[in-house]
Amino acid sequence: MYKFFILLLFLVNTLFANFLEDDLKILKDLGLESSFLSEKSLLATFDEYSSSYNINYYNNLLRKSSLNVQIVKNEIQNENLPDAVFFIPLLEASFVNQERGKNSPAGLWQIMPLTAKNLRLRNDESIDERLDLIKSTDAASSYLKKYYKKLDKWYLAILAYNSGEGNVAEGVARSALDRYLELNPNMNNTPSINNYKKMLSDYRITKRGFSNLYDVYNRFESSYSFEYLVKNNKENKYLAESSITYMKKLIAFSMIANRDLFKSIDKKAKYTLEKVKAPKGIQLRSLSNAINMDYNEFRNLNKHIKKETLPTDSKSYNIYIPQNKLELYNQRIVTIKPIKENVINTKIVETNITNKQIIYIIKKGDSFESISKKYKVDLKKLKSDNNKKSNLIKIGDKIEIYK
């Protein structure tokens with residue numbers, strides 16, 4: 001019995017040592033000081049999210065989005081990003097590729113419209129590449145790398161991604177100066193320190209002099225620590241508390257993953273995506289039919305295409321299909337013809353694409369209900385076929401009718 005107890009104690013100590021080493025590696029990869037591992041608020045966050053309820057909840061989210069999870073996981077590995085980056089889409093969007101509104105963030109990485117423009121992601125009435133599973137993930141990786149190049153620490157790059165570069169640069173610069181003066185109180189009112197204080201004050205008021213923030217931070221970087229910032233944040237408001245919580249969650253989730261508690265991370269996706277080019281003007285329904293794929297499932301893979309047909313402003317456009325459908329796609333794509341529409345005075349336009357399909361252009365006074373009655377189609381089916389959840393339609397919109 002005594003030998004058994006000794007062996008058990010040895011195993012527990014060995015396991016704890018391994019976890020500690022893995023947890024320290026998380027901090028090191030992010031650029032955080034090892035002492036932050038004992039930060040009370042971090043430990044409290046870990047305790048909260050490692051509860052059975054939360055483990056089950058997040059495992060369920062990961063399981064439901066296994067394809068999205070696999071895409072992000074592969075990108076993290078390919079781009080040699082810190083493992084903690086994997087959990088950004090979990091916190092941002094629960095790994096669901098979603099759109100909330102025209103001027104709202106969208107996609108796995110919840111990218112804002114202006115950020116999309118800076119990342120050269122197309123976002124217009126036809127295409128929203130923030131919803132492109134692979135392209136948006138590549139863009140988010142590039143964005144994080146850009147911040148890392150400036151800030152030289154991955155956790156600061158992640159914070160900048162979450163709350164904006166200016167907010168982070170100002171917060172850490174002010175924190176670094178405060179910490180320096182705490183260690184060197186005799187320097188408090190020297191001309192050089194007063195000049196640095198003025199730089200920070202001017203930026204907070206005018207939001208100008210962005211480069212000055214980096215000058216202050218670089219001058220006092222040796223005094224700076226994230227642990228100090230966290231402990232003094234409520235009093236000095238260096239960063240939004242939500243941003244600090246965000247970082248603690250990423251670390252806690254990484255620690256939980258180290259303990260192999262997120263089993264669904266490694267759940268095999270239903271299929272692997274293959275990117276292919278399809279000619280302009282082709283109907284998405286024609287593409288899904290060509291590869292014998294459920295239309296709604298096909299649309300879910302290609303949410304970045306807003307309309308029911310591919311754009312006509314370029315010769316071809318990227319779409320995603322399951323890899324096991326590639327051979328079938330290559331065989332049949334040459335037989336699919338783009339839509340040709342006959343428009344007369346912007347009124348009712350009906351073009352027979354097949355024996356069962358009509359394209360209708362909305363005119364004044366139209367509604368989904370009136371159109372469904374006119375063409376004797378089910379109202380719910382009409383809205384579903386056009387990927388519409390609300391009753392909102394506009395003059396000039398094109399509605400597809402399948403009889």
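How much area does the protein chain expose, and what share of it do carbon and sulfur atoms supply? In this predicted model, the exposed area comes to about 22,100 Å², and carbon and sulfur atoms supply 51% of that area. The chain has 403 residues, and 48% of them count as buried. Its secondary structure consists of 19 helices and 4 strands. Among contacts with a separation of 6 or more, 64% join residues that are 24 or more positions apart.

**The second largest pocket**

- The second largest pocket has a volume of about 390 Å³.
- Its lining is made up of 18 residues, and D83, A84, F87, A257 and N258 are the ones that lie nearest the centre.
- Sorted by class, this lining holds 9 nonpolar, 6 charged and 3 polar residues.
- Three helices each supply at least two lining residues: α1 (2–30), α4 (66–78) and α14 (241–258).
- The largest share of the lining comes from α1, with 5 residues.

**Aromatic pairs**

- The structure holds 20 aromatic pairs.
- One of these pairs joins F87 and F253, whose ring centres are 5.7 Å apart, with 80° between the planes, an edge-to-face arrangement.
- F87 sits in the loop between α4 and α5 (88–93) while F253 belongs to helix α14, so this pair ties together parts that lie 166 residues apart in sequence.
- Both F87 and F253 are buried.
- In a further pair, the rings of Y143 and Y161 have centres 6.1 Å apart; their planes stand at 75°, which is over the 60 degrees required, so this pair too is edge-to-face.
- Y143 is in helix α7 (residues 133–151) and Y161 is in helix α8 (residues 154–163), and the pair links these parts of the chain across 18 residues.
- Y143 counts as buried because its relative accessibility is 12%, under the 20% limit.
- Y161 also has 12% relative accessibility and counts as buried.
- Ring pairs join Y49, Y57, Y58, F86, F87, F95, F253 and F262 into a cluster.
- F87 therefore has two roles in this account: it is in the ring cluster, and it is among the residues nearest the centre of the second largest pocket.

**The loop between α4 and α5**

- N80 is placed in the loop between α4 and α5, the loop that also holds F87.
- The phi angle of N80 is positive, about 55°, although N80 is not a glycine.
- N80 has a relative accessible area of 67%, which is over 50%, so this residue is exposed.
- F87, by comparison, is buried.

**The loop between α5 and α6**

- S94 is found in the loop between α5 and α6 (113–118).
- S94 is another residue other than glycine with a positive phi, in this case near 55°.
- With a relative accessible area of 26%, S94 is partly exposed.
- Q110 is found in the loop between α5 and α6 as well.
- Q110 has a relative accessibility of 8%, which is under 20%, so Q110 counts as buried.
- Leaving out residues up to four places away in sequence, Q110 touches E92, A93, Q98, R100 and P105.
- One of these residues, Q98, is 12 residues from Q110 in sequence, and the C-alpha atoms of the two are 8.2 Å apart in space.

**The loop between α19 and β4**

- N387 is found in the loop between α19 (379–385) and β4 (398–402).
- At 52% relative accessibility, N387 is over the 50% limit and so counts as exposed.
- Apart from its neighbours within four places in sequence, N387 is in contact with R299 and E308.
- N387 and R299 are 88 residues apart along the chain, and 9.2 Å separates their C-alpha atoms.

Methods:
Residues numbered from 1 in each chain as written. Predicted model: local features only at pLDDT ≥ 70, side-chain atom pairs only at ≥ 80, totals over all residues. Heavy atoms only, no water. Buried < 20%, exposed > 50% of the residue type's maximum accessible area, 1.4 Å probe, protein only. Contact = heavy atoms within 4.5 Å. Areas by Shrake-Rupley, 256 points an atom, 1.4 Å probe, with all protein chains shown as cover. 1 Å grid on protein atoms, 1.4 Å probe; cavity = no way out; pocket = protein on both sides within 12 Å on 5 of 7 lines; lining within 4 Å. Points joined across faces, edges and corners; volume = space filled by probe spheres on them. Nonpolar A, V, L, I, M, F, W, Y, C, P; charged D, E, K, R; others polar. Phe/Tyr/Trp six-rings, centres within 6.5 Å; stacked < 30°, edge-to-face > 60°.
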